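Biologist: Before we begin, please have the sequence and the structure open. I shall ask about them step by step, and I would like each reply to end on what was asked for.

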Amino acid sequence: MNAWRCNATRCWRTIAVVAAGAVLTASFAARTAAAPFPAQHFSLTSVGGESLQKGFVEVIHPDGPEVYARHVYALNGAGGNQSYEVVISIWASSPTCVETPTFVLPVAVVDTNASGNGHANVVFEPELLDTLGLRDLTVGGTVTLSRDGSPAYTTGCRVMELD
């Protein structure tokens, strides 16, 4: 059996490689821990018996100067060949989404194919929060997909901390 032997050159190379790996791992972990908003995944539920195998809203906060958030809206097994209007409702003074929302923002349309599958995505710029006066607030919000003016799917009320 060969025992591992360490000569001066091999030991220093091994130590350097291990140290570099540790620094990269620690650097990545620190950046990940410092990230203000991880991606969030919210399931959509059916309203009033609408068919749906799976639906979700994916919210991604890249924390950059040009993109505040990217939303992805997806339906699988919804009504076939339909258009669903995506509306975000925000309660600036109520994280529990009671009474009338402060803002109701139509943001996208999800068109489904014959199987009821469809998706859309929207990019929100940081200036939107300033325009709406929502910077640094904790608010309540919902995402609702409506068909022909009637709610079909919703995330339900979610608490959002906006920076």
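**A histidine and its surroundings**

Modeller: Let us start from one polar contact, 2.9 Å long, between the side chains of H71 and Y73. Please keep in mind that this is a predicted model.

Biologist: In which strand is the place of H71, and is H71 buried or exposed?

Modeller: H71 belongs to strand β4, which covers residues 69-76. Its relative accessible area is 11%. A residue counts as buried under 20%. By that cut-off, H71 is buried.

Biologist: Which residues does H71 touch, not counting residues up to four places away in sequence?

Modeller: Y73, its polar partner, falls inside the excluded range of four places. Beyond that range, H71 touches E58, V59, I88, A120, N121, V122 and F124.

**The chain as a whole**

Biologist: What pattern does the protein chain follow when read along the sequence?

Modeller: The protein chain has two helices and ten strands. Read along the sequence, these follow the pattern α-β-β-β-β-β-β-β-α-β-β-β.

Biologist: What is the mean pLDDT of the protein chain, and over which residues does pLDDT stay under 50?

Modeller: The mean pLDDT is 81, and 75% of the residues reach 70 or more. Confidence stays under 50 over two stretches, for each of which the model has four contacts beyond four places in sequence. These stretches are residues 1-6 and residues 10-35.

Biologist: Among contacts between residues at least 6 apart in sequence, what percentage join residues at least 24 apart?

Modeller: Such contacts link parts of the chain that are separated in sequence. Their share among the contacts between residues at least 6 apart is 59%.

**The core and the aromatic pair**

Biologist: Which residues of the largest nonpolar core touch the most other members?

Modeller: In soluble globular proteins, nonpolar side chains tend to be buried together. Here, buried residues make up 32% of the 163 residues in the chain, and the largest nonpolar core has 27 residues. Those that touch the most other members are Y73, L75, Y84, V110, L145 and Y153.

Biologist: Which element gives the largest share of this core?

Modeller: The elements that give two or more residues to this core are β3, β4, β5, β6, β7, α2, β8 and β9. The largest share amounts to four residues, and it comes from β5.

Biologist: Which residues does V110 touch, not counting residues up to four places away in sequence?

Modeller: V110 is among the core residues that touch the most other members. With sequence neighbours up to four places away left out, V110 touches Y73, L75, Q82, S83, Y84, V86, G118, H119, A120 and L145.

Biologist: How many aromatic pairs does a search of the whole structure find, and how far apart in sequence are the parts tied together?

Modeller: The search finds one aromatic pair. Y84 and Y153 form this tilted pair, with 5.4 Å from centre to centre and 50° between the planes. Y84 lies in strand β5 and Y153 in strand β9, so the parts tied together are separated in sequence by 69 residues.

**Strand β9 and its partners**

Biologist: Which residue in β9 is the bridge partner of T45?

Modeller: Strand β2, residues 45-46, pairs with strand β9, residues 150-154, in the antiparallel sense over two bridges. Strand β8, residues 138-147, also pairs with β9 in the antiparallel sense, over four bridges. T144 stands opposite T154 in β9, and the bridge partner of T45 in β9 is likewise T154.

Biologist: Which residue in the hairpin of β8 and β9 takes a positive phi, and is this residue buried or exposed?

Modeller: The hairpin has two residues between the strands, and D148 takes a positive phi near 55° there. D148 is a residue other than glycine. Its relative accessibility is 72%, and the cut-off for exposed is over 50%. Therefore D148 counts as exposed.

Biologist: How far apart in space are E85 and P151, C-alpha to C-alpha?

Modeller: E85 lies in strand β5 and counts as partly exposed at 38% relative accessibility. Leaving aside neighbours within four places in sequence, its contacts are P106, A108, T144, L145 and S146. E85 and P151 are 66 residues apart in sequence, and their separation in space is 9.1 Å.

Methods: Residues numbered from 1 in each chain as written. Predicted model: local features only at pLDDT ≥ 70, side-chain atom pairs only at ≥ 80, totals over all residues. Heavy atoms only, no water. Pairing = 2+ DSSP bridges. Buried < 20%, exposed > 50% of the residue type's maximum accessible area, 1.4 Å probe, protein only. Polar contact = N/O pair within 3.5 Å; in protein donor to acceptor, adjacent residues only side chain to side chain. Contact = heavy atoms within 4.5 Å. pLDDT = per-residue confidence, 0-100. Phe/Tyr/Trp six-rings, centres within 6.5 Å; stacked < 30°, edge-to-face > 60°. Core = buried A, V, L, I, M, F, W, Y, C linked by side-chain atoms within 4.5 Å.
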